[in-house]
Structures are given as structure tokens and as C-alpha cells.
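Here is a short tour of one protein model. Keep the sequence and the 3D view side by side as you read.

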Amino acid sequence: GDVTVAANSGTHRARVSPGITGALGEVGTLTLNSLTMNGGELQFDLVTPAASDRINVTGSPGSATFTGATTISPSGGTAGSYTVLTATSPITYGVVPTLTPLSNPLTRPTTYTLDRSSDPNSLKIKGSPLSEENFDEAFAALVETYAKPVTLARAPQLTKAGQNSPS
């Protein structure tokens with residue numbers, strides 16, 4: 001059918017995750033007539049370039065359109081090019097998606113880049129294992145993602161036993 005993903009709103013999160021359950025590691029293919037991303041998130045499990053999550057937009061009109069701030073979240077993978085979205089018509093990027101890898105303790109660190117230009121009818125994620133050559137870039141991405149201020153909760157004032165106790 002035709003799928004339109006709404007923008008995130010407050011605590012409500014719009015997410016599409018191909019696979020049997022949508023849980024991390026559940027690889028699958030989702031086939032649609034059209035896809036409109038007004039925001040939200042596309043989550044992809046990357047196992048190998050030949051066996052990973054994928055969205056195929058093959059019906060009529062066969063269009064995939066990004067009109068709002070969308071996050072693409074890959075997890076896993078090794079070196080290679082992963083086609084995660086294909087469409088019959090060229091994919092329209094009114095707003096270019098942001099790539100934000102998921103933290104998955106079950107996989108080794110991988111760096112990712114989006115490839116929107118090699119084929120106008122597909123969106124690919126290129127993965128490469130962490131190496132000496134890409135360590136600085138991977139480290140900067142992790143710092144940007146996780147270096148957030150921490151708010152400490154204040155503990156209540158402690159009193160000695162017998163003070164302020166009922167008599």
C-alpha cells in the first residue's frame with residue numbers, strides 16, 4: 001500500500017523497521033506502492049550486503065519522497081554497500097535524511113555514509129569497519145552523538161538519627 005510516515009511529535013515517535021518484529025537483528029523486506037517520509041525514522045539491520053533490511057517501493061506510483069527531517073538508523077554490518085531503499089521512480093529528497101547509527105553492543109564498530117548519487121532510484125548505506133584511517137571520524141561522530149550534559153539529582157539533606165524525629 002501507500003505509506004506516509006508522520007514527523008515525530010513530542011514523545012510520539014514514527015518509525016519504520018523492516019523485519020518480522022522490528023526488533024534489532026530481525027532482517028526483512030518491506031514492499032510498498034509509495035513511501036512519503038514527513039519525518040520520523042527508518043531503521044535498518046545490516047548483516048551482509050546481500051542479506052539486510054530493505055524497503056522496495058515497486059507498486060504504482062512507485063515513488064519514495066523525503067519531505068521532512070528523517071533519521072536513517074543502521075545497525076550492524078561490515079564493509080560493503082547496502083541497498084536499503086529502492087523505488088520505481090527516482091527518489092525525491094526535499095529534505096536530505098540524517099544518518100544516525102544505532103548503538104548495538106552485539107556488533108563491532110562500523111562507520112557509515114549515505115550514497116544517494118550512484119543510482120537515483122536507490123538509497124545505499126556504505127559501511128566500513130573501524131580502522132586506523134577512519135578512527136578520528138568515527139570518534140568525532142560518537143562524541144557528537146553521546147557527549148551531552150548530565151544533570152545530577154541533588155540528594156536530600158541527611159540528618160543524624162534522633163534529630164527531627166517525633167517525640
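In which sense do strand β7 and β10 pair, and over how many bridges? They pair in the parallel sense, over 2 bridges. Strand β7 covers residues 64-66. One facing pair to look for is F66, which stands opposite Y93 in β10. Keep in mind that this is a predicted model.

## Overall layout

The protein has 1 helix and 13 strands. Follow the sequence and the pattern reads β-β-β-β-β-β-β-β-β-β-β-β-β-α. The helix thus stands at the end of that pattern.

The protein has 167 residues, and 32% of them count as buried. Its exposed surface is about 10200 Å². Carbon and sulfur atoms supply 55% of that surface. Take the contacts in the protein with a separation of 6 or more: residues 24 or more positions apart account for 76% of them.

## An open sheet of four strands

The pairing of β7 and β10 belongs to a wider arrangement. An open sheet is formed by 4 strands, in the order β1-β4-β7-β10. The pairing in this sheet is parallel. β1 (2-5) and β10 (92-93) stand at the edges. Each has a single partner strand, so one side of each is left without a neighbour in the sheet.

Strands of a sheet pair through backbone hydrogen bonds, either parallel or antiparallel.

## S34 in strand β4

S34 is found in strand β4. Is S34 buried or exposed? Its relative accessibility is 9%, so S34 counts as buried. Leave aside the neighbours within four places in sequence, and S34 is in contact with G1, D2, V3, V57, P61 and S63.

D2 deserves a second look. A polar contact of 2.9 Å joins the side chains of S34 and D2. A64 makes another useful landmark. S34 and A64 are 30 residues apart along the chain, yet their C-alpha atoms are separated by 5.8 Å.

## The nonpolar core

The largest nonpolar core has 23 residues. Which residues have the most contacts inside it? They are L35, I55 and L85. Several elements give two or more residues to this core: β4 (34-37), β5 (40-46), β6 (54-57), β7, β9 (80-87) and β13 (122-129). The largest share, 4 residues, comes from β9.

L35 is a good place to start exploring. Not counting residues up to four places away in sequence, L35 touches V3, V5, I55, V57, S63, A64, T65 and L85. Two of the names in that list, I55 and L85, are also among the residues with the most contacts inside the core.

## Strand β8 and its partners

Now turn to strand β8, residues 70-76. This strand is mostly covered, with 6 of its 7 residues buried.

β8 pairs with β5 in the parallel sense, over 7 bridges. Within this pairing, L42 stands opposite I72 in β8. β8 also pairs with strand β11 (residues 98-99), in the parallel sense and over 2 bridges. There, the bridge partner of T71 is T98 in β11.

## Two buried polar sites

D115 is found in strand β12, which spans residues 110-115. D115 has a relative accessible area of 7%, so it is buried. A polar atom of the D115 side chain lies 3.1 Å from the backbone nitrogen of S117. Leaving aside neighbours within four places in sequence, D115 is in contact with S122, L123, K124 and K126.

Where is N134 placed? N134 is in the loop between β13 and α1 (135-146). N134 is buried too, with a relative accessible area of 11%. N134 and T111 are 23 residues apart in sequence. In space they are 7.7 Å apart, C-alpha to C-alpha.

Note on methods: Residues are numbered from 1 along each chain as its sequence is written. This is a predicted model: local features need pLDDT of at least 70, side-chain atom pairs count only at pLDDT 80 or more; totals for chains, interfaces and linings use all residues. Side-chain values use heavy atoms; hydrogens and water are left out. Two strands pair if DSSP finds at least two bridges between them. A nonpolar core is a set of buried Ala, Val, Leu, Ile, Met, Phe, Trp, Tyr and Cys residues joined through side-chain atoms within 4.5 Å. Buried means under 20% relative accessible area, exposed over 50%, partly exposed in between (1.4 Å probe, protein chains only). Contact means heavy atoms within 4.5 Å. Accessible areas come from the Shrake-Rupley method with a 1.4 Å probe; for residues, only the protein chains shown count as cover. A polar contact is a pair of N or O atoms within 3.5 Å; within protein, one must be able to donate a hydrogen and the other to accept it, and residues adjacent in sequence count only if both atoms are side-chain atoms.
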